[in-house]
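Visitor: I should like to take a close look at a single part of this structure. Would you please guide me through one helix and its surroundings?

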Amino acid sequence: RVARLPQTAQRSLALGVVNVVSARYKTLAEELLLTVRKTEMSLKRLKKVQQPEGDASGMSDPDKITLQLYLDVGEYGQQFARLGLGLNPSDMPAYCSLLEAVTPSPEVLAAVATMPAPP
């Protein structure tokens with residue numbers, strides 16, 4: 001027979017892990033976005049890139065990376081919500097801070113909302 005932690009201990013342990021992971025995730029995401037923006041600015045200054053290259057949506061590479069991080073963080077929140085421990089992402093300050101750090105501009109979100117769904 002396997003002994004299990006009480007649900008309150010499981011929840012407390014999970015919250016601790018989520019807070020630590022979310023804080024580290026935020027640090028890495030912010031570093032990535034800063035590097036991408038600096039690289040784009042450097043390329044523009046060197047005139048190797050006249051305008052940000054984008055696909056038909058007109059999104060720049062930094063916009064695409066920010067959007068992907070936002071989608072990844074949303075899935076991350078859904079994953080720990082599925083643990084069945086009553087974890088609500090909106091009740092976790094570290095997660096909310098992470099989500100805020102990777103939320104794209106309203107223009108990018110609007111552009112994505114108007115894109116056709118893939119086949």
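Guide: On the side of helix H3 that is turned away from its buried side, one finds the exposed residues Pro 93 and Glu 100. Please keep in mind that this is a predicted model. The buried residues of H3 are Ala 94, Tyr 95, Leu 98 and Val 102. When one looks down the axis of H3, these buried residues fall within an arc of 100 degrees, so they line one face of the helix. Their packing partners are helix H1, which covers residues 7-45, and helix H2.

One of these buried residues, Tyr 95, deserves attention for its ring. A pair of aromatic rings is described by the distance of the centres and the angle of the planes. In this structure the count comes to four aromatic pairs. For Tyr 76 and Tyr 95, the ring centres are 6.0 Å apart and the planes stand at 45 degrees; planes under 30 degrees apart would count as stacked and over 60 as edge-to-face, so this pair is tilted. The pair links distant parts of the chain, since Tyr 76 belongs to helix H2 (residues 61-81) and Tyr 95 to helix H3 (residues 93-102), with their positions 19 residues apart in numbering. Both Tyr 76 and Tyr 95 are buried. Together with Tyr 25 and Phe 80, Tyr 76 and Tyr 95 form one aromatic cluster.

Conventions:
Residues are numbered from 1 along each chain as its sequence is written. This is a predicted model: local features need pLDDT of at least 70, side-chain atom pairs count only at pLDDT 80 or more; totals for chains, interfaces and linings use all residues. Side-chain values use heavy atoms; hydrogens and water are left out. Rings of Phe, Tyr and Trp (its six-membered ring) pair if their centres lie within 6.5 Å; planes under 30 degrees apart count as stacked, over 60 as edge-to-face and the rest as tilted. Helices (H or I, at least four residues) and strands (E, at least two) are DSSP runs, numbered from the N terminus. Buried means under 20% relative accessible area, exposed over 50%, partly exposed in between (1.4 Å probe, protein chains only). The arc is that of the directions from the helix axis to the C-beta atoms. Contact means heavy atoms within 4.5 Å.
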